[in-house]
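New to this one? Let's walk through it together, one question at a time.

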Amino acid sequence: MALTACSADGTGGSHSGASAKRKTAHGPVWRTDPHSIAALGDSITVGFDACTVLSECPEVSWATGTDPKVDSLARRLVPRPATHSWNFAKTGALMNDLPDQAAAAAVHKPELVTVLIGANDACRRDVTAMTPTADFRADFARSLTYLRRTLPRTQVYVAAVPDLLRLWSEGRKNPLGKEVWKLGMCGSMLRDPDDLTRPAQDRRAAVQGRVKAYNAAMAEVCGKDPLCRFDRSVFDYRFTDRQLSTWDWFHPGPRGQKELAELAFRAVTRKES
């Protein structure tokens, strides 16, 4: 999904000598230097429309990309990103796809799992088709429970669903972008972008409310796990059209991917207070 912009835990790998570093008398401690990363999510994390139209461009992924101009989380943190980072995100993925992605990631025993998903659950043809918050929460909780059971020391970074209302506000400034949106992109929020009547505003407010509910659900579930960090800054970030794809004014372009990488890096490397 898009930038509109889209923590439970577990750590795997060889941890015979690392476990002592991760635990204190009060429980597990977050490490700021994971040596492997698995990325879960939707089209944002595979760089859809970031390089060419209607194509994925994983090399600019904020999480696992290889492009030095983006400087992905994997490039910043992982000593050997070519062999110790994996991207399981899928274009069009919904929260109910996360459990399968988590299972695929667990095979590699990553020390850090990143999650950026949920924009597609709100970006439907209409507000009536949005994923119910209870279902969204249940699938997220199921995914994190699986990761924690399977990878008890793996850390999980969870990015907030981006601000779709800001996406509408910024993207509608571009005439070409509005023409692209007419193809049916995120109808619940982006349909008739210049319609400022009360029904249209109420529709957009409903989508924004659902995004906030999704973020609250993820923050609550993640907050119960000491090795999970929920990052609200992805929702709060005041992006402009400069961070959006010039192909669809919806997904993040390379500049947007770079900003996502920076936000994630700050959250992952933040010292425990």
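Q: Which cysteine pairs with C222, and are the two buried or exposed?
A: This is a predicted model, and in it C222 has its sulfur atom 2.0 Å from that of its partner, so they sit within the 2.5 Å that makes a disulfide. Both of these cysteines count as buried. The partner is C228, and the answer to the second part is buried.

Q: What is the handedness of the disulfide of C222 and C228?
A: Look at the torsion about the S-S bond, which is about -115 degrees. That value makes the link of C222 and C228 left-handed.

Q: How many disulfides are there in the whole structure?
A: Besides C222 and C228, C51 and C57 form a disulfide with their sulfur atoms 1.9 Å apart. Another joins C123 to C186, at 2.0 Å from S to S. A search of the whole structure gives a total of three.

Q: Which cysteine of the C51 and C57 pair counts as buried?
A: Buried means under 20% relative accessible area. C51 has 33%, so C51 is partly exposed. C57 has 2% relative accessibility, and therefore the buried one is C57.

Q: What is the torsion about the S-S bond in the link of C51 and C57?
A: This link is left-handed. The angle about its S-S bond is -65 degrees.

Q: How many residues apart are C123 and C186?
A: The torsion about their S-S bond is about -75 degrees, so this disulfide is left-handed. The pair links distant parts of the chain: C123 sits in the loop between α5 (119-122) and α6 (133-150), while C186 sits in the loop between α8 (175-181) and α9 (187-190). Both cysteines are buried. Along the chain, C123 and C186 are 63 residues apart.

Q: What is the pairing when the bonded cysteines are numbered in sequence order?
A: Count along the protein chain, taking just the cysteines that are bonded. The pairing then reads 1-2, 3-4, 5-6.

Q: Which strands are at the edges of the five-stranded open sheet?
A: The strand order is β4-β3-β5-β6-β7, with parallel pairing. An edge strand pairs on one side only. The edges are therefore β4 (85-87) and β7 (228-231).

Q: What is the average twist from one strand to the next?
A: Take the angle between each strand of the sheet and the next, then average. The result is 15 degrees.

Q: Which residue of β6 is the bridge partner of L112?
A: Strand β5 covers residues 112-116 and strand β6 covers residues 155-159. They pair in the parallel sense over four bridges. In β6, the partner of L112 is Q155.

Q: Which helix lies across β6 and β7?
A: Helix α4 (residues 98-106) packs on the sheet too, but it touches β3 (37-41) and β5, with its direction at about 165 degrees to that of β3. The helix across β6 and β7 spans residues 198-223 and runs at about 155 degrees to β7. That helix is α10.

Q: What is the radius of gyration of the protein chain?
A: The chain has twelve helices and seven strands, and its C-alpha atoms fill a box of roughly 60 × 40 × 30 Å along the principal axes. With 273 residues, a compact globule would come out near 19 Å, and the chain agrees with that. Its own radius of gyration is 18 Å.

Key:
Residues numbered from 1 in each chain as written. Predicted model: local features only at pLDDT ≥ 70, side-chain atom pairs only at ≥ 80, totals over all residues. Heavy atoms only, no water. Buried < 20%, exposed > 50% of the residue type's maximum accessible area, 1.4 Å probe, protein only. Helix = DSSP H or I, 4+ residues; strand = E, 2+ residues; numbered from the N terminus. Pairing = 2+ DSSP bridges. Axes fitted to C-alpha atoms, helices over the stretch in contact; angles between N-to-C directions. Contact = heavy atoms within 4.5 Å. Rg over C-alpha atoms; globule rule 2.2 N^0.38 Å.
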